Structure formats: structure tokens, C-alpha cells
Number of protein chains: 2
Amino acid sequence: MAMTKRTRAGEAFTRLVLDIFRLSGLLLTAGDRLVGPLGLTSARWQILGVIAAADYPQPVAWLARSLGANRQNVQRIVNDLHAAGLVALESNPNHRRAPLVVLSDKGRQAFNEAMRLQAPWANDLADGLLLKDLETAHRIVIALRQRLEDTDRTAG
Amino acid sequence: MAMTKRTRAGEAFTRLVLDIFRLSGLLLTAGDRLVGPLGLTSARWQILGVIAAADYPQPVAWLARSLGANRQNVQRIVNDLHAAGLVALESNPNHRRAPLVVLSDKGRQAFNEAMRLQAPWANDLADGLLLKDLETAHRIVIALRQRLEDTDRTAG
DNA sequence: GTCGCATTGACATGATAATGTCAATATAGT
DNA sequence: ACTATATTGACATTATCATGTCAATGCGAC
């Protein structure tokens, strides 16, 4: 007989998943609403964040990989950001067809402004929650993420 | 001056968010892969789950509300499920235009089979994680979810 | 009854995301 | 150099999701 019985951890994980989906959707729409006035969306904001956080300029495919998103969508959003003047494309000495994406002044301003809007929102949402618990939640999320990424790589 | 400084909890929350997005995406694709052979997707599975968990048959709009999803997408997926013979639509004595969605035998079998596949997968993913930590993560996720839902309801 | 209002399903339209294919380019091995 | 393989950007196609509108229906106030 196949193993259909859940461990206690398996049960706890199963209960967690549905609420993760729900939370993720709510965070996305809240983010859209938060930075909409800046001409951003959650997706654009996230990509600007990766560009800003990188140690050096990267081509689109690398950004996509560090986001865990698919290449083509990142490409489309980067094109939009470029059209909106929020990022610039620098020639890549190592790869003629893969320009390096960098923030423009306008892009950096928009990102900083987004983070400025995010701060009080984040403070408000996290207010009253125990720092220790938030960190535990983060550890769990990271652990699950890594396990799933390993599975993806293995079972590709 | 605007409040741009994050509390420690606000910082922990901010760090958590990006990994939540990543995990959610990974869970969705893992779910698709898990139940794909049954003719299901993560979205279909989730909706079958709500139907199965309900105390009594509900119309589409109610299912959408308990999922926190928008009505029209649930409608489309329910239509697909209906076409695939996984759900049946019963006439609703209380509302002529809002039939009640119930699982067909085939739908119940598919859902049970999906849960049977999910069990060892969940056990494996959760293996080695502390039950206490999983429960803490769940509490945090639920708390954040409720706060965002309240915000939605307030700020429409 | 009937009037106003909210909810519902259907439909149209557009936005966003996923998937596959292609040629150009880069890289490693020989 | 030459070849095989992998990576990349562009494009086309499809799937999924969001938003707005409409008429039909249900429901409560009166």
C-alpha cells in the first residue's frame, strides 16, 4: 500500500500551504495598490529591487534566475521599464546580445520612493507580532523554498 | 518628515515577503506537476478542495469568496471542471441563476487521489522541520493574512 | 405589489504569464 | 581553427487572470 498517512509535520505543512497562497495574493495586490501611484506594480518593483540589490549590472536572464521567474516575463517587464525610462541598457563587453540592465536616475528615485512608502506599511502590518516568530516563519519559508528548488533541479 | 524608518518587526516582515512570493510560486508549480497526471492543476485542485470541505453545496460566488479569489476565474475553472465531468451543477431552490456546485464521483476520486499523492510529498518536504516552528509560521501567515483582509475591507 | 439595491452568471476586452521555437552568440573541448 | 553545446533575445501562440458591463434574479423596505 502507498504511504497515504501524513506525519504531524506533513499535516502542519499542508495546513500552511493554503494560507501561503492566500497571503501571497493579498501581498501582491497590496503592493500594487501601494506603489501604483508611482507608476509601478509589484512585479516591476520586485525587478527594480533585484537590479538595485545586485553587486554589478546583469543581463535579463541572470535577473530572471535570481528571481526564480521565467526569463521571458522578466524580459517583457524590463522592456516596459526601459520604455518608461526607469532602467537603461548598457552594452555588455562579454556578450553582444545580452545588454546589462541598470537603474536610471528616475528608476532609482522610483524604487527609493517605493521603499519609503513600504516602510510605514510594513511597520503597521508587523506591529505586535513577535520578532522571534517572524524570524521563525522566515526560516521555515526559506527551508521549504530551498527544498523545492532542490527538487526542481533534481526532477527538472 | 514621513516615517521612513522600519521597526525591527517591520524589517523582519520585509525580508519575509520576497521569500513568500518565491515559495508560493514554487508550491504552485510543484502542485501542478504533482497532480498533472490526474488531469488537475493547482487551481483546479484548490477549488475541488473548497467544494469538498464545504458543509453544504454552494454557488460559484460563495466558493470564490471563501477562496479570496475573484468570481470570474472561479467561474471559468468550475466550467472547465464541469466540462471534464469532475463537478456537477445542481439546481438551487433559493436562486434560479446560481446552481450549486457539487463533486461528481469522478471529481471526488480525482481529489482523493490528489490528496493521496500529496501526502508523501508533504511528509518529505516537512521532514526534519520542527512541528512547533511550522505552527509558528502558520500563525504568522494567518495573522498577516487577516490584517491584509481587514485592510482590503476597510480601504476597499 | 413595486421600488431600490445587492448579488449573480455571462460575456467582452485587455493585462499578465507561460511555453515553444528560432537565429545569433558565447563557451568549452579537441 | 573547428565543432558541439549552452545561453540569450526576439517572436508567436496559448493559457491564465483581472476588470468592466449587462441583464436577470433575489431581497428588503415601504
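Modeller: Before we start, one term: a helix axis here is a line fitted to C-alpha atoms over the stretch in contact, and the angle between two axes runs from 0 to 180 degrees between their N-to-C directions. Also keep in mind that this is a predicted model.

Colleague: Okay. So how do the axes of H1(A) and H1(B) cross?

Modeller: They cross at roughly 120 degrees and come within 9 Å. H1 covers residues 8-35 in chain B, and helix H1 of chain A is also 8-35.

Colleague: Roughly parallel, roughly perpendicular or oblique, then?

Modeller: Angles of 65 to 115 degrees would count as roughly perpendicular, and over 145 as roughly antiparallel. H1(A) and H1(B) are therefore oblique to each other.

Colleague: Is the crossing of H1(A) and H1(B) left-handed or right-handed?

Modeller: Left-handed.

Colleague: And which residues in H1(A) and H1(B) meet?

Modeller: From H1(A) you have Val17(A), Ile20(A), Phe21(A), Leu23(A), Ser24(A) and Leu27(A). Facing them in H1(B) are Val17(B), Ile20(B), Phe21(B), Leu23(B), Ser24(B) and Leu27(B). Sorted by class, that contact has ten nonpolar residues, two polar and no charged ones.

Colleague: Zooming out, how many residues of chain A are in contact with chain B?

Modeller: 53 residues of chain A, and they touch 53 residues of chain B. On the chain A side, the elements giving two or more residues are H1 (8-35), H5 (105-126) and H6 (131-155). H1(A) has the largest share of that side, 19 residues.

Colleague: How do the residues on that side of chain A divide by class?

Modeller: 28 are nonpolar, eleven polar and 14 charged.

Colleague: Let's switch to the DNA. Which residues come closest to DNA strand D?

Modeller: Pro59(A), Val60(A), Ala61(A), Ala98(A) and Arg96(B), out of 18 residues that surround strand D. Helices H3 (60-67) and H4 (71-83) of chain A, together with H4 (71-83) of chain B, each supply at least two residues of the surface there. H3(A) gives the most, with three residues.

Colleague: And what classes are in the surface near DNA strand D?

Modeller: Seven nonpolar, eight polar and three charged.

Colleague: What about DNA strand C, which residues come nearest there?

Modeller: There are 20 residues around strand C, and the nearest are Gln72(A), Arg96(A), Pro59(B), Ala61(B) and Ala98(B). H4 of chain A, plus H3 (60-67) and H4 of chain B, give two or more residues to the surface near strand C. By class, you'd find eight nonpolar, eight polar and four charged residues in the surface near DNA strand C.

Colleague: You've mentioned H3(A) and H4(A) a few times. How do their axes cross?

Modeller: At roughly 120 degrees, with the axes coming within 9 Å. H3(A) and H4(A) are therefore oblique to each other, and their crossing is right-handed. H3(A) brings Val60(A), Ala61(A), Leu63(A), Ala64(A) and Leu67(A) to the contact, while H4(A) brings Arg71(A), Val74(A), Gln75(A) and Val78(A). That makes seven nonpolar residues, one polar and one charged.

Colleague: Last topic, the whole of chain A. How many helices and strands does chain A have?

Modeller: Six helices and two strands, in the order α-α-α-α-β-β-α-α along the sequence.

Colleague: What radius of gyration does chain A have?

Modeller: 19 Å, whereas a compact globule of 156 residues would be near 15 Å. The C-alpha atoms of chain A fill a box of roughly 55 × 40 × 25 Å along the principal axes.

How values were computed:
Residues are numbered from 1 along each chain as its sequence is written. Chains are lettered from A and ligands numbered from 1 in the order in which they are written. This is a predicted model: local features need pLDDT of at least 70, side-chain atom pairs count only at pLDDT 80 or more; totals for chains, interfaces and linings use all residues. Two residues are in contact if their C-beta atoms, placed from the backbone, lie within 7 Å. Helices (H or I, at least four residues) and strands (E, at least two) are DSSP runs, numbered from the N terminus. Ala, Val, Leu, Ile, Met, Phe, Trp, Tyr, Cys and Pro count as nonpolar, Asp, Glu, Lys and Arg as charged, and the others, Gly among them, as polar. A residue is near a molecule or strand if its C-beta atom, placed from the backbone, lies within 6 Å of it. Angles under 35 degrees count as roughly parallel, over 145 as roughly antiparallel, 65 to 115 as roughly perpendicular and the rest as oblique. A crossing is left-handed if the near helix is turned anticlockwise from the far one by less than a right angle, and right-handed if clockwise. The radius of gyration is taken over C-alpha atoms; the globule rule is 2.2 Å times the number of residues to the power 0.38.
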